[in-house]
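Hi,

Here is the structure I promised to pass along. Have a look at it first, and then read on for what turned up when I went through it.

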Amino acid sequence: MGIIGDSLDKAAANTATRPIPKSAGAQIRFLVKHEKGSTRTVALRLGISQRTVERYLKGQIKHPRPELAARLAAEVRKDWQPRVRDRARKQAATSTGIVIETRARFGFTAAPGSTDDGRIRRITQHLPPQYAARLFDAQSIGATEQQLQNIAAEGLQEQYFKDGGRRAEGLEVEFTDIDYVELDY
């Protein structure tokens with residue numbers, strides 16, 4: 001995905017209340033159980049052979065290569081504690097909102113006489129629940145990175161630059177050259 005989509009996934013993973021299984025065998029067993037016993041599906045998800053998955057299940061292989069260990073941990077995180085993740089998303093979308101921290105270039109379109117030169121800013125801002133809900137909905141229907149970026153830009157525009165409608169009427173913000181984005185809920 002893109003930088004904002006990855007940040008949403010990372011924020012979702014941070015809502016877990018328990019750590020993922022440590023050993024490769026336990027991780028493989030979790031994935032096989034999640035896939036209803038299908039070692040073929042797990043093998044396809046990890047990019048390895050079905051026989052290799054079966055050997056991990058039997059304990060014949062215990063230590064995966066570093067790149068496989070990283071893929072394995074990433075796949076487990078995707079499916080780890082789905083109810084906890086859903087509950088945190090629902091709470092963020094209905095009551096608590098989402099916090100965005102970013103370092104990016106912000107340009108402006110505003111009233112005549114104001115500057116529209118973009119500049120790098122580091123911003124940490126709480127966005128209300130409606131922006132969290134829009135981000136989650138867009139991500140769930142497969143929105144592009146640009147669409148997610150536009151939702152985040154609109155939220156920052158309204159909350160940070162316009163201060164919730166108390167100033168800078170008519171200001172339009174461009175959110176480009178993203179150095180990093182971290183989301184938390």
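**The sheet**

Strand S1 (residues 98-109) and S3 run antiparallel and are joined by 10 bridges. One spot to find on your screen is Val 99, which stands opposite Asp 184 in S3. Bear in mind throughout that this is a predicted model.

Zooming out, the sheet is open and has three strands in the order S2-S1-S3, paired antiparallel. Strand S2 (119-127) and strand S3 (172-184) are the edge strands, each pairing on one side only. From one strand to the next, the twist averages 30°. Helix H8 (residues 145-161) packs on this sheet and touches S1, S2 and S3. The direction of H8 makes about 85° with that of S2.

Just before you get to H8, have a look at Thr 144, which is found in the loop between helix H7 (129-140) and H8. Thr 144 has a relative accessible area of 44%, so it counts as partly exposed. If you want a sense of scale, the C-alpha atoms of Thr 144 and Leu 72 are separated by 26 Å, with the two positions 72 residues apart along the chain.

**Two helices that cross**

How do helix H3 and helix H4 pack, at what angle and how far apart are their axes? H3 (residues 39-46) and H4 (residues 50-58) pack at an angle of about 110°, and their axes are 8 Å apart. The two helices are therefore roughly perpendicular to each other; the range that counts as such is 65 to 115 degrees. On the H3 side the contact is made by Thr 39, Arg 40, Val 42 and Ala 43, which meet Gln 50, Val 53, Glu 54 and Leu 57 in H4. Sorted by type, the residues of this contact are four nonpolar, two polar and two charged.

Val 32 belongs in this part of the picture too. Its place is in helix H2, and Val 32 is buried because its relative accessibility is 10%, where the cut-off is under 20%. Leaving aside residues up to four places away in sequence, Val 32 touches Gly 37, Ser 38, Thr 39, Val 42, Val 53 and Leu 57. Among these, Thr 39 and Val 42 are in H3, while Val 53 and Leu 57 are in H4. Val 32 and Glu 54 are 22 residues apart in sequence, and their C-alpha atoms are 9.8 Å apart in space.

**Aromatic pairs**

There are five aromatic pairs in the structure. Phe 30 and Trp 80 make an edge-to-face one, with 5.1 Å centre to centre and 65° between the planes. This pair links distant parts of the chain: Phe 30 sits in helix H2 (residues 24-34), and Trp 80, 50 residues apart from it, is in the loop between helix H5 (66-79) and helix H6 (82-96). Are Phe 30 and Trp 80 buried or exposed? Both are buried.

Phe 106 and Phe 175 also form an aromatic pair, this one stacked, at 5.1 Å centre to centre and 20° between the planes. Phe 106 lies in strand S1 and Phe 175 in strand S3, so their pair ties together parts that are 69 residues apart in sequence. Phe 106 is buried, with 0% relative accessibility, and Phe 175 is buried as well, at 4%. These two residues also belong to one aromatic cluster, together with Tyr 160 and Phe 161.

**Two backbone oddities**

Most residues other than glycine have a negative phi. Where is Lys 36, which has a positive phi of about 60° although it is not a glycine? Lys 36 is found in the loop between H2 and H3. With 78% relative accessibility, Lys 36 counts as exposed.

Gln 81 is another residue other than glycine with a positive phi, here near 50°. Gln 81 is found in the loop between H5 and H6, and the aromatic residue Trp 80 is in that loop too. Unlike Lys 36, which is exposed, Gln 81 counts as buried, because its relative accessibility is 14%.

That's what I have for you on this one.

Cheers

How values were computed. Residues numbered from 1 in each chain as written. Predicted model: local features only at pLDDT ≥ 70, side-chain atom pairs only at ≥ 80, totals over all residues. Heavy atoms only, no water. Pairing = 2+ DSSP bridges. Helix = DSSP H or I, 4+ residues; strand = E, 2+ residues; numbered from the N terminus. Axes fitted to C-alpha atoms, helices over the stretch in contact; angles between N-to-C directions. Contact = heavy atoms within 4.5 Å. Parallel < 35°, antiparallel > 145°, perpendicular 65-115°, else oblique. Nonpolar A, V, L, I, M, F, W, Y, C, P; charged D, E, K, R; others polar. Phe/Tyr/Trp six-rings, centres within 6.5 Å; stacked < 30°, edge-to-face > 60°. Buried < 20%, exposed > 50% of the residue type's maximum accessible area, 1.4 Å probe, protein only.
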